[in-house]
Each structure stands twice: as C-alpha cells, then as structure tokens.
Amino acid sequence: MTAQDTFPTLKSNGHTLDTSARRMGRLVASDPGTSIESLREQFAAQGYLWLKGLLPREGVLRFRERFFASLAPAGLLKPGTSPRDGIYSGSSEDNQRIAKTMHEIVRWSAYESFCLQEPIWMFYERLFDGAPYLHKRKLIRYTKPQEVSSTGAHYDLVYLRAGTDRVATGWIPIGDCPIEMGGLVYLEGSHVAGRQMEKEFSALNADLSREDQISAYNKSMSATGWLTKDLPALAEKWDSRWLVADYEAGDMVIHSAYMIHAATGNDVHDGTMRLSTDIRFQRVSDEVDARWNNHYSMDDML
Ligand SMILES: O=C(O)CCC(=O)C(=O)O
C-alpha cells in the first residue's frame, strides 16, 4: 500500500480546496530534454507540460531582483531585505506609483528579453514544428501573502477567441513557488471539458455581433470571463482533481488554450511574494487575435 500524499490547506477566493486523494493530486513533471514527439504526446494527453529546469535558475532570480528593486521606492518591500527575496513590507504601499511602474515593467527590454530567452522560443519552435510568435500582451503578477483574491477558474481561449486556438500559454514562476505560495493549479483532464464548453458557448453566442462573440464578457459569460471562483465545486462537478506543484525558479509550465486552471492564495508566513509571468505563444503563420497586439494595460478589457 502506498502512503497517501498530503497537501497544505489551500484557499482560493474564500473557498477551501478539498485535499483528499479524489480531489487533489500533483502535476507530472517533464524533462525538457525528452524527445519532442513524446512531449507532444504528453501535452495532448495532459493539456499541460511542466518543464522542469528549462531556464537557467540564476537568470530567473536576477530578474526577480530587478522586478522587486523597481517597486521598492513605492514601499512594496520590507525595509532592509533583499529585493531578490521579495518580502512584502506589510504596510500601505503607494498603489499609484506601483501602477505606474508596472506599466513600465511590461515595456522593459529586460522583460521582453526574459520572455524571449532562447530556451523558451526554441522549445515552442520544436513543439509547434514551426516559427513561434510571442503575443505582445504579456502579464506579470505578484501576489502578497494572505491576499484573499486569486485567479478564478478559466481557460485562456475565452480571452483569445479572435485568433487560432493553437495557443499555448507559458506560466513562469519568477522565484521558487512552493504549493502554499499559491502557484497555478490545473483541473486534471479539463482540456477536454474546456473544448466542450467552448463549443457550447459558440452555439449560445451564434446570434451575437462578431464583437460580442469574441468577448470574454458577453451575455453567456461571467463578469470576469471566469467559469467560477469556487474551485472545490468545479472539481466536484467534473469529478476531477486540482493538480498542484512545488514550482522552482527555472521551471516553465505550459497549457493548452482549453485547459482549466486557477490560482490559490499565497499562504506563506515569512512575507515572501509570489512572482510569475504568463505569456502566450502560437505559430506565427496562424491567425493572431489582434486585441493582444498591445502591451497589457489595466483598462484593455481582456
Ligand atoms: O498567475 C495567475 O494567477 C494566473 C495565470 C493564468 O491565468 C495563466 O497563466 O493563464
């Protein structure tokens, strides 16, 4: 008999996840050096690939340091700590200054070059068997400990409906991200359910204008485009498990446009902030959703 896996208590938007073996499991790690044929097979079967150690760890940590150093003047960091550690000050930071800096960070050459480092684009080129294209709209997020809100359950195509569905998001932890820090969680096998849901949404949206059809916020959707904030209920509904992982700096996990995922809250007690970026690649020859041709901004309605 094998011992039962145990997990820390995980919460998402006020809902506590069921950590029983029926409702929670672990992501399966893949070695990026495995043959691309076998990685493609795994990707098709799982809807995700957790590429362990794809990136040089030190480069990821250097970028973490650069990111948090830029937000230190806004009062985000605990005085006297290293930006590389990303320890939250716990006091009221200057949110206007943070918004301004975040607006600049998504435009940094250093950020662009982080997202376009060779192991990333070369991996996508092998996966797609064709030249990859990185969407200009890229998201970088930090999560403070004990914040109640976190990303609700969704699949990415909802926000990308005006282009190809052969988009594969890369989620990169910028620093170690143990389970309790609230990294990305995947609903096991849900790339099948996501495809089915999108078919149903397309039928429901058939009579809408083109603009509404491609909108994540049309009358068939929720206000956020999310399927729900209630992760435990979704796992019950699909009789599935949330898959979690102890991510490390250097990892990248990719998911299909139909794979349902979410995040849990950061529950660490030493003040360490989660930092991650999520970026989207597709074949350059496939249709691009033009709404993603601009840098992220708070009011871009995507
Ligand atoms: O990092 C998060 O909280 C959410 C990321 C996400 O939704 C994605 O990678 O598609």
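# Notes on the predicted model

1. Let me start with Tyr247, which counts as buried, with a relative accessibility of 1%. Keep in mind that this is a predicted model. I'll come back to this tyrosine below, since Tyr247 is one half of an aromatic pair with Trp171.

2. On to the aromatics. How many aromatic pairs does a search of the whole structure find? The search turns up 13. Take Phe63 and Trp108: the ring centres are 6.2 Å apart and the planes stand at 85 degrees, so this one is edge-to-face, the label used for angles over 60 degrees. The pair links distant parts of the chain, with Phe63 in helix H2 (residues 57–71) and Trp108 in the loop between helix H3 (95–105) and helix H4 (109–115), 45 residues apart. Phe63 and Trp108 are both buried.

3. The Trp171 and Tyr247 pair has its centres 4.9 Å apart and an angle of 55 degrees between the planes, and is classed as tilted. Trp171 belongs to strand S8 (residues 168–173), whereas Tyr247 is in the loop between strand S10 (242–244) and strand S11 (252–256), so the contact ties together parts that are 76 residues apart in sequence. Like its partner, which is buried at 1%, Trp171 is buried, and its relative accessible area is 2%.

4. Two more ring features are worth a look. Phe63 and Trp108 turn up again in one aromatic cluster, together with Tyr111 and Phe114. Elsewhere, Arg137 places its charged end over the ring of Trp292, at 4.5 Å from the ring centre.

5. Now the ligand. Which residues come nearest to it? There are 14 residues around the ligand, and the nearest are Thr151, Trp171, His261, Arg274 and Arg280. So Trp171, a buried residue at 2%, is on that list as well.

6. For polar contacts, Thr151 has a polar side-chain atom 2.6 Å from a ligand oxygen. Arg274 also brings a polar side-chain atom to 2.6 Å from an oxygen atom of the ligand, and for His255 the corresponding distance is 3.4 Å. The ligand taken alone exposes 290 Å², and the protein buries 98% of that.

7. His255 brings us to strand S11, where it sits among the side chains listed here: Met252, Ile254 and Ser256 point one way from the strand, Val253 and His255 point the other way, and all are buried. That fits the general pattern, in which side chains of a regular strand alternate between the two faces of the sheet. With 5 of its 5 residues buried, S11 is largely enclosed by the rest of the structure.

8. What does S11 pair with? Strand S5 (residues 48–51) pairs with S11 in the antiparallel sense over 4 bridges, and the bridge partner of Tyr48 in S11 is His255. S8 is also joined to S11, again antiparallel and by 4 bridges, with Gly170 standing opposite Ile254.

9. Strand S7 (residues 139–143) is another one to inspect: 4 of its 5 residues are buried, so the strand is largely enclosed by the rest of the structure. S7 pairs with strand S13 (residues 274–283) in the antiparallel sense, over 5 bridges. In that pairing, Leu139 stands opposite Asp278.

10. Some loop residues are also buried. Asn13 is in the loop between strand S1 (11–12) and strand S2 (15–16), and is buried at a relative accessible area of 14%. A polar atom of the Asn13 side chain lies 2.9 Å from the backbone oxygen of Ser150. His154, in the loop between S7 and S8, is buried with a relative accessible area of 8%.

11. Last, a backbone check. Most residues other than glycine have a negative phi. Gln146, not a glycine, has a positive phi of about 70 degrees; Gln146 lies in the loop between S7 and S8 and is partly exposed, at 44% relative accessible area. Asp239 also has a positive phi, near 45 degrees. This aspartate is found in the loop between helix H8 (231–237) and S10. Is Asp239 buried or exposed? At 56% relative accessibility, Asp239 counts as exposed.

Technical notes. Residues are numbered from 1 along each chain as its sequence is written. This is a predicted model: local features need pLDDT of at least 70, side-chain atom pairs count only at pLDDT 80 or more; totals for chains, interfaces and linings use all residues. Side-chain values use heavy atoms; hydrogens and water are left out. Rings of Phe, Tyr and Trp (its six-membered ring) pair if their centres lie within 6.5 Å; planes under 30 degrees apart count as stacked, over 60 as edge-to-face and the rest as tilted. Helices (H or I, at least four residues) and strands (E, at least two) are DSSP runs, numbered from the N terminus. Buried means under 20% relative accessible area, exposed over 50%, partly exposed in between (1.4 Å probe, protein chains only). A charge sits over a ring if NZ of Lys or CZ of Arg is within 6 Å of the ring centre and within 35 degrees of the ring normal. A residue is near a molecule or strand if one of its heavy atoms lies within 4 Å of it. A polar contact is a pair of N or O atoms within 3.5 Å; within protein, one must be able to donate a hydrogen and the other to accept it, and residues adjacent in sequence count only if both atoms are side-chain atoms. Accessible areas come from the Shrake-Rupley method with a 1.4 Å probe; for residues, only the protein chains shown count as cover. Two strands pair if DSSP finds at least two bridges between them.
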